[in-house]
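Colleague: Before I take any labels on trust, could you walk me through the reasoning behind them?

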Amino acid sequence: LQETMEDIDKNSDGFIDLEEYIGDMYSHDGDADEPEWVKTEREQFVEFRDKNHDGKMDKEETKDWILPSDYDHAEAEARHLVYESDQDKVWKL
């Protein structure tokens with residue numbers, strides 16, 4: 001969690017604001033228009049990531065983003081491994 005915060009928090013204020021959040025995933029590189037997925041990520045930040053709507057993610061909000069409590073990492077990894085190793089795609093999970 002601390003490493004993620006330090007990597008994304010470019011202005012070192014201890015929070016991740018919208019531009020830092022987007023900047024971690026996408027660089028404009030002179031593009032006039034953002035791709036649709038970037039617009040969707042902006043909406044995700046405003047609607048879901050920034051839970052207290054103060055314009056930035058604190059440690060708890062960042063933790064909820066990168067380590068969601070309703071996500072079973074072991075199950076997801078198991079499903080991924082079975083899917084990748086099932087060459088004839090017979091197994092349905």
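Modeller: Helices here are DSSP runs of H or I with at least four residues, numbered from the N terminus. In this predicted model, R79 and E75 both lie in helix α5, residues 73-85, and they are 4 residues apart, about one turn of the helix.

Colleague: What makes R79 and E75 a salt bridge?

Modeller: The closest N and O atoms of R79 and E75 are 3.0 Å apart, and the cut-off for a side-chain nitrogen of Lys or Arg and a carboxyl oxygen of Asp or Glu is within 4 Å, so the pair counts as a salt bridge.

Colleague: Why is R79 called partly exposed?

Modeller: Buried means under 20% relative accessible area and exposed means over 50%; R79, at 37%, falls in between and therefore counts as partly exposed. E75, at 39%, is likewise called partly exposed.

Colleague: Which residues are joined into one network by salt bridges that share partners?

Modeller: That network consists of E19, E34 and R42. R42 pairs with E19, with the closest N and O atoms 2.9 Å apart, and with E34 at 2.7 Å, N to O. R42 in helix α3 and E19 in helix α2 are 23 residues apart, so that this pair links distant parts of the chain.

Colleague: How do you know that T62 is buried?

Modeller: The relative accessible area of T62 is 0%, and buried means under 20%, so T62 qualifies. T62 sits in helix α4, residues 59-66, and, leaving aside residues up to four places away in sequence, touches L1, T4, M5, I16 and M57.

Methods:
Residues numbered from 1 in each chain as written. Predicted model: local features only at pLDDT ≥ 70, side-chain atom pairs only at ≥ 80, totals over all residues. Heavy atoms only, no water. Helix = DSSP H or I, 4+ residues; strand = E, 2+ residues; numbered from the N terminus. Buried < 20%, exposed > 50% of the residue type's maximum accessible area, 1.4 Å probe, protein only. Contact = heavy atoms within 4.5 Å.
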